[in-house]
Amino acid sequence: MRNVSITYCRPCGYEKRAKEAAALLRERLGVDATLIPGKGGIFEVKLGDAVVARRAKGHFPDAAEIVAAVTAARDC
């Protein structure tokens, strides 16, 4: 399986969300996600080079949504 990474904005306080998503990915899929601190309001989940979930205006993906997105992307 391709690598899963979660890039999150540290100054915005998104680290907790990133860690929760990584823990659920490990629990449900046995996947260890790489956490990458960033800035500028980013919150982006990638499977390999493909973005499968991200924070967008008016929407922040929760951990369950991220697991579903990674599952759907890896099944393609």
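This briefing walks through the fold of one protein chain, from the whole chain down to single residues. The model is predicted. The protein chain has two helices and four strands. Along the sequence, their order is β-α-β-β-β-α.

**Overall shape and surface**

- The C-alpha atoms fill a box of roughly 30 × 20 × 20 Å along the principal axes.
- The radius of gyration of the protein chain is 11 Å, which agrees with the value near 11 Å for a compact globule of 76 residues.
- Buried residues account for 37% of the 76 residues.
- The protein chain exposes about 4,600 Å². Carbon and sulfur atoms supply 48% of that area.
- Many contacts reach far along the sequence: of those between residues at least 6 apart, 65% join residues at least 24 apart.

**Charge**

- The protein chain carries 13 positive and 9 negative side chains.
- The centres of these two sets lie 6 Å apart.

**How the strands pair**

- Strand S3 spans residues 43-47. Four of its five residues are buried, so S3 is mostly covered.
- S1 and S3 run antiparallel, and five bridges join them.
- One pairing between them links Thr-7 to Glu-44 in S3.
- S3 also pairs with strand S4, residues 50-54. Four bridges join S3 to S4, and these two strands run antiparallel.
- Lys-46 has Val-51 as its bridge partner in S4.
- S3 and S4 form a hairpin with two residues between the strands. Gly-48 in this hairpin takes a positive phi near 65°.

**Thr-7, in strand S1**

- Thr-7 belongs to strand S1, which covers residues 4-9.
- The relative accessible area of Thr-7 is 17%. Buried means under 20%, so Thr-7 counts as buried.
- Setting aside residues up to four places away in sequence, Thr-7 touches Ile-36, Ile-42, Phe-43 and Glu-44.
- Glu-44 is thus named twice here: Thr-7 touches Glu-44, and Glu-44 is the bridge partner of Thr-7 in S3.

**Ala-22, in helix H1**

- Helix H1 runs over residues 15-29 and holds Ala-22.
- Ala-22 is buried, at a relative accessible area of 3%.
- Beyond its neighbours within four places in sequence, Ala-22 is in contact with Ile-6, Val-31, Ala-33 and Leu-35.
- Ala-22 and Gly-58 are 36 residues apart along the chain. Their C-alpha atoms are separated by 22 Å.

**Ala-73 and Arg-74, in helix H2**

- Helix H2 covers residues 63-74, and Ala-73 sits in it.
- Leaving out neighbours within four places in sequence, Ala-73 is in contact with Arg-2, Leu-47 and Val-52.
- Ala-73 and Gly-38 are 35 residues apart in sequence. From C-alpha to C-alpha, they are 23 Å apart in space.
- Arg-74 is also found in helix H2.
- Arg-74 has 32% relative accessibility. That value falls between the 20% limit for buried and the 50% limit for exposed, so Arg-74 counts as partly exposed.
- Arg-74 and Ala-63 are eleven residues apart in sequence and 17 Å apart in space, taken between C-alpha atoms.

**Gly-40, in a loop**

- Gly-40 lies in the loop between strand S2 (34-38) and S3.
- The relative accessible area of Gly-40 is 77%. Exposed means over 50%, so Gly-40 counts as exposed.
- Gly-40 and Ala-64 are 24 residues apart in sequence. Their C-alpha atoms are 24 Å apart in space.

Notes: Residues are numbered from 1 along each chain as its sequence is written. This is a predicted model: local features need pLDDT of at least 70, side-chain atom pairs count only at pLDDT 80 or more; totals for chains, interfaces and linings use all residues. Side-chain values use heavy atoms; hydrogens and water are left out. The radius of gyration is taken over C-alpha atoms; the globule rule is 2.2 Å times the number of residues to the power 0.38. Buried means under 20% relative accessible area, exposed over 50%, partly exposed in between (1.4 Å probe, protein chains only). Contact means heavy atoms within 4.5 Å. Accessible areas come from the Shrake-Rupley method with a 1.4 Å probe; for residues, only the protein chains shown count as cover. Lys and Arg count as positive and Asp and Glu as negative; His and the chain ends are not counted. The place of a charge is taken as NZ of Lys, CZ of Arg, CG of Asp or CD of Glu. Two strands pair if DSSP finds at least two bridges between them.
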